[in-house]
Amino acid sequence: MENDAGFQSALEEARKGAAEGGVPIGACLVSADGKILGSGHNMRIQNGSATIHAEISALENAGRLPASAYKGATMYTTLSPCDMCTGACILYKVKRVVLGENNTFVGGEAYLKQRGIEVVIVKSAECEALMKKFIKDHPEDW
Ligand SMILES: [Zn+2]
């Protein structure tokens, strides 16, 4: 899973977010046939946004798609998804959520599973290191 193009894209987005001084979380939506539909990173600080989390950013960058496009799709994200992003994954009926780590934050994983969505935890050391550095450097923003 860690070598999947979708995960690598999500990680690249998280690095971009870190380089911009933002919350270093990235996400990537991949279709059932393995095509990257959209990637993005958290823009909360960059845009002064209350809602542009990484998963929402990936969904936004994928654009408006027919419901069939999400069927069998995987949402890759570098961090356990919050309640809002968990809701978005459920709303668009993705099949699977692959997350980088859940040591710095645990989101709606139990709810995803309860709604029949497969949850895979990569346990990525880099994802965790990015978050730990951000939390240490910007405790007021986390
Ligand atoms: Zn979120």
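Which residues are buried in α1? I would like to begin there, and I should say at once that what we are looking at is a predicted model. In helix α1 the buried residues are Gly6, Phe7, Ser9, Ala10, Leu11, Glu13, Ala14, Gly17 and Ala18. The cover over these buried residues includes the strands β1 (26–30), β2 (36–41), β3 and β4, together with the helices α2 and α6 (125–137).

The length of this helix can be checked with simple arithmetic. Helix α1 runs over residues 5–19, and at 1.5 Å a residue its 15 residues should span 21 Å, which agrees with the 21 Å that separates its end C-alpha atoms. Just after α1 comes Gly21, with a positive phi of about 80°.

Not everything in α1 is buried, and Arg15, which also has its place in this helix, is a case to look at. Arg15 counts as partly exposed because 15 other C-beta atoms lie within 10 Å, where 20 or more would be needed for a residue to be called buried. From Arg15 to Ala27 the distance is 11 Å, C-alpha to C-alpha, and the two are 12 residues apart in sequence.

Let me now step back to the whole chain. The secondary structure comes to 6 helices and 5 strands, and, read from the N terminus, the order of the elements is α-β-β-α-α-β-α-β-α-β-α. For 142 residues, a compact globule would have a radius of gyration near 14 Å, and the protein chain, with 14 Å, agrees with that expectation. Taken along the principal axes, the C-alpha atoms fill a box of roughly 40 × 25 × 25 Å. Of the 142 residues, 43% count as buried, and among the contacts with a separation of 6 or more, 52% are made by residues 24 or more positions apart.

As for annotation, the unreviewed UniProt entry lists residues 1–119 as "domain: CMP/dCMP-type deaminase", and I am only repeating the record here. In the model, that span is 36% helix and 21% strand, and its end C-alpha atoms lie 12 Å apart.

What holds the middle of our picture is the nonpolar core. The largest nonpolar core has 34 residues, and those that touch the most other members are Leu29, Met75, Tyr76 and Val97. At least two residues of this core are supplied by each of α1, β1, α2, β3, α4, β4 and α6, and the largest share, 5 residues, comes from α1, the helix with which I began. If we follow Leu29 and leave aside its neighbours within four places in sequence, we find it in contact with Leu37, Gly38, Ala58, Leu59, Ala62, Ala73 and Met75.

The next helix I want to discuss is α4, residues 83–91, whose buried residues are Cys85, Thr86 and Cys89. These three cover an arc of only 105° around the axis, and therefore they sit on the same side of α4. On the face turned away from that buried side we find the exposed residues Asp83 and Leu91. The buried residues of α4 are covered by elements that include α2 (54–62), β3 (74–79), β4 (96–101) and α5 (109–114).

Which residue with a positive phi follows α4? That is Lys93, whose phi is near 55°, and this value is found although Lys93 is not a glycine. Lys93 has its place in the loop between α4 and β4, and it counts as partly exposed because it has 14 C-beta neighbours inside 10 Å.

A second lysine can be described along similar lines. Lys123 has a positive phi of about 60°, and it is not a glycine either; its place is in the loop between β5 (118–121) and α6. With 13 C-beta neighbours inside 10 Å, Lys123 counts as partly exposed.

I will finish with Ala67, which is found in helix α3, residues 67–70. Is Ala67 buried or exposed? Ala67 is exposed, because it has 8 other C-beta atoms within 10 Å, and a residue counts as exposed with 12 or fewer. Ala67 and Tyr92 are 25 residues apart in sequence, while in space their C-alpha atoms are 7.2 Å apart.

Note on methods. Residues are numbered from 1 along each chain as its sequence is written. This is a predicted model: local features need pLDDT of at least 70, side-chain atom pairs count only at pLDDT 80 or more; totals for chains, interfaces and linings use all residues. Helices (H or I, at least four residues) and strands (E, at least two) are DSSP runs, numbered from the N terminus. The arc is that of the directions from the helix axis to the C-beta atoms. Two residues are in contact if their C-beta atoms, placed from the backbone, lie within 7 Å. The expected span of a helix is 1.5 Å times one less than its number of residues. The radius of gyration is taken over C-alpha atoms; the globule rule is 2.2 Å times the number of residues to the power 0.38. UniProt positions are given in the numbering used here, feature names are shortened, and annotations may be inferred rather than shown by experiment. A nonpolar core is a set of buried Ala, Val, Leu, Ile, Met, Phe, Trp, Tyr and Cys residues joined through C-beta atoms within 7 Å.
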